[in-house]
Amino acid sequence: MRVVVAGASGTVGRLVVGMLEARYEVRALTRDPQAAARAGVGGEKVRADFADRRSLERALAGQDALLLITSDPLRPDHDERVLRAAVRAGVGHVVKLSALAVTDPGAGDVITCWQRACEERLRACGLPWTLLRPRAFMSKALGWAESVRRRGVVRAVYGASVNACVDPADVAAVAARVLTIPGHAGRCYELTGPEPVCAREQTAVLARVLGRPLRFEELGVQEAWRLWRERYPEPYARALLESAERQRAGAKAGVSQTVRQVTGRAPADFADWARRHAGFFR
């Protein structure tokens, strides 16, 4: 079986390639194969660009299944180009990494609207498809790593609001099975961790794992907005603010059993993830 991963250098894509390369022919799409190799991306590294139709058609030729991961809401043409190339290449099955926010009628930010539009493109392309809708990745906690290392502090907005965040490795495990085992076409999978947790609780978990005290500092909304605006374009920053408000309202607390149902094992909790990534915080 031949599997191609578009977005192979990202968090989930890299893991999926690593899970499949020993048993399947795995093609990792990347703009820079040499940089991808240096970064530890496995598989057959093939040069392709989401904005370049011909490179996509060459990369997708002869592939049985495609994992489609895109990340730029300002470039909706990326999904369109990849899907057109997949149709021309006759790819047998497309698995798309989306987000669980698309199911929330109260989510109308630019990122969620883009994800909904990408899902509609996939459904309309004519190829068998599967949608993966994860909640926030536990790996977002890596954004605290420098502050934890230097000051022993975690700072976050709405520190008591909970999110049923998911280990990216569990998302990758679901993707790997859906790509290679029949019976998943036409399905939408909601992927969460085993329980909702808040930033204050995550801070306590990290402290136990690291064996040293950590302090949680509540980040004010205005300060959070300022920090986001320094890093992101205004539409992205506003989407993060709206997402935080929805989380405070309880929109991200729901837990699904999909990881267990698809993989046959329980999803990792935040303590599992923290133990495996403790080195980043030391």
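Two residues are in contact when heavy atoms of theirs lie within 4.5 Å. Keep that in mind for the exercises below, and remember that this is a predicted model.

**Exercise 1. Get a feel for the whole chain: what share of contacts joins residues at least 24 apart, and what is the radius of gyration?**

Start with the contacts. Take those between residues at least 6 apart in sequence; 75% of them join residues at least 24 apart.

Next, the parts list: twelve helices and eleven strands. The radius of gyration is 19 Å, close to the 19 Å that the globule rule gives for 282 residues, so the chain is as compact as a globular protein of that length. Along its principal axes, the C-alpha trace spans about 55 × 35 × 35 Å.

Now the surface. Buried residues account for 51% of the 282. The chain exposes about 13,100 Å², with carbon and sulfur atoms supplying 49% of that area.

Last, the charges: there are 44 positive and 31 negative ones, and their mean positions are 3 Å apart.

**Exercise 2. Work out the setting of Arg133: is it buried or exposed, and which side chain does it pair with?**

Find Arg133 in strand S6, which covers residues 129-134. Its relative accessible area is 9%, under the 20% cut-off, so Arg133 is buried.

Then look for a partner. The side chains of Arg133 and Glu119 make a polar contact of 2.7 Å. Glu119 is also among the residues that Arg133 touches, and so are Ser98, Leu100, Cys188 and Tyr189.

**Exercise 3. Compare two loop residues, Asp109 and Ala249: which is buried and which is exposed?**

Take Asp109 first. You'll find it in the loop between strand S5 (93-97) and helix H5 (110-124). At 5% relative accessibility, Asp109 is buried. A polar atom of its side chain lies 3.0 Å from the backbone nitrogen of Ile111. Beyond residues up to four places away in sequence, Asp109 touches Ala239, Glu242 and Arg246.

Now Ala249, in the loop between helix H10 (234-248) and helix H11 (258-263). With a relative accessible area of 69%, over the 50% cut-off, Ala249 counts as exposed. To place it further, go back ten residues along the chain to Ala239: the two C-alpha atoms are separated by 15 Å.

**Exercise 4. Describe what surrounds Thr192: which backbone nitrogen does its side chain reach?**

Thr192 sits in the loop between strand S9 (187-191) and strand S10 (197-198). Its relative accessible area is 2%, so put Thr192 down as buried.

The side chain of Thr192 reaches the backbone nitrogen of Ser256 at 3.0 Å. Ser256 is on the contact list of Thr192 too, along with others including Leu100, Arg135, Cys165, Gly254 and Pro267.

For a distance check, try Val110, 82 residues away along the chain: its C-alpha atom and that of Thr192 are separated by 22 Å.

**Exercise 5. Pick out the backbone oddity at Tyr158: what is its phi?**

First, the background: most residues other than glycine have a negative phi. Tyr158 isn't a glycine, yet its phi is positive, at about 50°.

Then locate it: Tyr158 is in the loop between strand S7 (153-157) and strand S8 (162-163). Finally, check exposure. A relative accessible area of 15% makes Tyr158 a buried residue.

Notes. Residues numbered from 1 in each chain as written. Predicted model: local features only at pLDDT ≥ 70, side-chain atom pairs only at ≥ 80, totals over all residues. Heavy atoms only, no water. Helix = DSSP H or I, 4+ residues; strand = E, 2+ residues; numbered from the N terminus. Rg over C-alpha atoms; globule rule 2.2 N^0.38 Å. Buried < 20%, exposed > 50% of the residue type's maximum accessible area, 1.4 Å probe, protein only. Areas by Shrake-Rupley, 256 points an atom, 1.4 Å probe, with all protein chains shown as cover. Lys, Arg positive; Asp, Glu negative; His and termini not counted. Charge placed at Lys NZ, Arg CZ, Asp CG, Glu CD. Polar contact = N/O pair within 3.5 Å; in protein donor to acceptor, adjacent residues only side chain to side chain.
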